[in-house]
Amino acid sequence: MCLAVPGRVLDIGEKDGTRMATVDFGGVVKEVCLEYLPDLQVGEYAIVHVGFALQRLDEESARQTLDLFAELGMLQEEFGDPWERAAAEAGAGQDRPFDPAPAGDTAREARQP
């Protein structure tokens, strides 16, 4: 699922000619494009979807939505570690911890008992 999530602008800058912001989504911080909201300022809230700030939002509405998403586990679903999620869905880690080293990796082979 892909949500539109409210976030608070922490800082604003430019990257490759595009106005960008660092945005806090209830503890998860991501880079967001501000091209659709060029007048958004530090400290304001916006609804963000697939990396684009789409609509300004008041603080109370943003906090209520973030609290609800957190309660429903939707923030973890949206922002959780995709490797961790894939491993859990595949049942990895039940017999031994997940080892992300590729096959043939001598460092990994040296760690094997």
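The exercises below, each with a worked solution, concern a predicted model of a protein chain.

**Exercise 1.** Find how many helices and strands the protein chain has, and in what order the elements run from the N terminus on.

*Solution.* Begin by counting the elements, which gives four helices and five strands in the protein chain. Then read them from the N terminus on, where the order is β-β-β-β-β-α-α-α-α.

**Exercise 2.** Describe how strand β4 is joined to strand β5, and what happens at valine 50 in their hairpin.

*Solution.* First locate the strands: β4 covers residues 45–49 and β5 covers residues 52–57. Next look at their pairing, in which the two strands run antiparallel and are joined by five bridges. As an example of residues facing one another across this pair, alanine 46 stands opposite arginine 56 in β5. Finally, turn to the hairpin, which has two residues between the strands, and note that valine 50 takes a positive phi near 40° there.

**Exercise 3.** Decide whether phenylalanine 52 is buried, partly exposed or exposed, and state which residues make the nonpolar surface patch.

*Solution.* Start with the position of phenylalanine 52, which is found in strand β5. Its relative accessibility is 32%, and because buried means under 20% and exposed means over 50%, phenylalanine 52 counts as partly exposed. Then identify the patch of about 400 Å², which is made by Tyr36, Val50, Phe52 and Leu54.

**Exercise 4.** State what percentage of the residues in the protein chain is buried, and what area the chain exposes.

*Solution.* Of the 113 residues in the protein chain, 26% are buried. The chain exposes about 7,700 Å², and carbon and sulfur atoms supply 52% of that area.

Terms used: Residues are numbered from 1 along each chain as its sequence is written. This is a predicted model: local features need pLDDT of at least 70, side-chain atom pairs count only at pLDDT 80 or more; totals for chains, interfaces and linings use all residues. Side-chain values use heavy atoms; hydrogens and water are left out. Two strands pair if DSSP finds at least two bridges between them. Buried means under 20% relative accessible area, exposed over 50%, partly exposed in between (1.4 Å probe, protein chains only). Accessible areas come from the Shrake-Rupley method with a 1.4 Å probe; for residues, only the protein chains shown count as cover. Patches are made of residues with over 30% relative accessible area and no salt bridge: like charges are joined within 9 Å, nonpolar side chains (Val, Leu, Ile, Met, Phe, Trp, Tyr) within 5 Å. A salt bridge is a side-chain nitrogen of Lys or Arg within 4 Å of a carboxyl oxygen of Asp or Glu.
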